[in-house]
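Thanks for making time this morning. Before I say anything, please take a moment with the sequence and the model on the screen.

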Amino acid sequence: MSICRRSQSKTIFCSGARVDRRDARRRIDDVIRAIVEETGLRHPIIYAGFGYHVGVAGSKLSAGQRRKIALVRGLLKNAKITILDDIATGMTEDDKGLRDGLRDILAEKTFLYGTSNADIAAEFEQRFVFDQGRLADKG
């Protein structure tokens with residue numbers, strides 16, 4: 001979702017866990033457990049069902065659940081530019097709340113939100129309308 005690609009070459013900032021070292025997995029698990037306990041997130045995580053087996057590449061999840069996970073993963077990257085397309089495009093209070101929350105979270109960053117709904121576009125400060133790939137209107 002956000003513009004933050006993970007390249008094949010590992011860097012100090014974007015690398016996987018070093019599990020080739022002795023007891024690395026256990027130490028990583030211990031650190032995660034400690035952080036979860038210190039922040040009081042144990043019960044919310046259990047309630048959210050993080051112990052649930054999601055299948056290979058999330059195959060047991062619905063499309064909506066995979067979309068939500070992708071959104072959260074994109075936000076956790078803390079990228080300077082975030083582009084979202086057709087996320088929370090409904091007119092329900094939940095969707096509106098999610099859009100408001102996204103605007104709050106990404107207030108100090110570049111945030112591009114794609115929608116074909118004019119009412120949703122009106123919620124944003126600046127709007128650009130494209131027709132056939134060309135800028136048709138700006139507001």
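I will go through the helices, then the salt bridges, then the core and the hairpin.

A word on provenance: this is a predicted model, in which local features need pLDDT of at least 70 and side-chain atom pairs count only at pLDDT 80 or more, while totals for chains, interfaces and linings use all residues. Residues are numbered from 1 along each chain as its sequence is written, and side-chain values use heavy atoms, with hydrogens and water left out.

Let me start with the helices, which, like the strands, are DSSP runs numbered from the N terminus (H or I over at least four residues for a helix, E over at least two for a strand). Helix α1 covers residues 24-38, and its 15 residues reach 21 Å from the first C-alpha to the last, close to the 21 Å expected at 1.5 Å a residue, where the expected span is 1.5 Å times one less than the number of residues. Just after α1 comes G40, with a positive phi of about 70 degrees. Helix α3, residues 63-76, has 14 residues that should span 20 Å, and its end C-alpha atoms are indeed 20 Å apart; N78, which follows α3, also has a positive phi, near 55 degrees.

Now to the charged side chains. How many salt bridges does a search of the whole structure find? It finds six, a salt bridge being a side-chain nitrogen of Lys or Arg within 4 Å of a carboxyl oxygen of Asp or Glu. One of them joins D30 and R33 at 3.9 Å, N to O, and both residues lie in helix α1, three residues apart, about one turn of the helix. For accessibility, buried means under 20% relative accessible area, exposed over 50%, and partly exposed in between, with a 1.4 Å probe and protein chains only; D30 is therefore partly exposed at 36%, whereas R33, at 53%, counts as exposed.

A second pair, D100 and K96, meets at 3.8 Å, N to O, and these two lie four residues apart in helix α4. D100 is partly exposed at 27%, and K96 is partly exposed at 31%.

The pair I would dwell on is E123 and R99, whose closest N and O atoms are 2.9 Å apart. E123 lies in the loop between α5 (118-121) and β3, and R99 in helix α4, so the pair ties together parts that are 24 residues apart in sequence. Is R99 buried or exposed? R99 is buried, with a relative accessible area of 1%, while E123 is partly exposed at 21%. Salt bridges that share partners join K96, R99, D100, R103 and E123 into one network.

Turning to the core, A88, Y113 and I120 are among the 10 residues of the largest nonpolar core, that is, a set of buried Ala, Val, Leu, Ile, Met, Phe, Trp, Tyr and Cys residues joined through side-chain atoms within 4.5 Å. Leaving aside residues up to four places away in sequence, R99 touches A88, Y113 and I120, among others, where contact means heavy atoms within 4.5 Å.

Finally, the hairpin: β3 (residues 128-131) and β4 run antiparallel and are joined by four bridges, two strands being paired if DSSP finds at least two bridges between them. F130 has L135 as its bridge partner in β4, and Q132, in the two-residue turn, has a positive phi of about 55 degrees. None of the five residues of β4 (residues 134-138) is buried, so the strand lies largely in the open.
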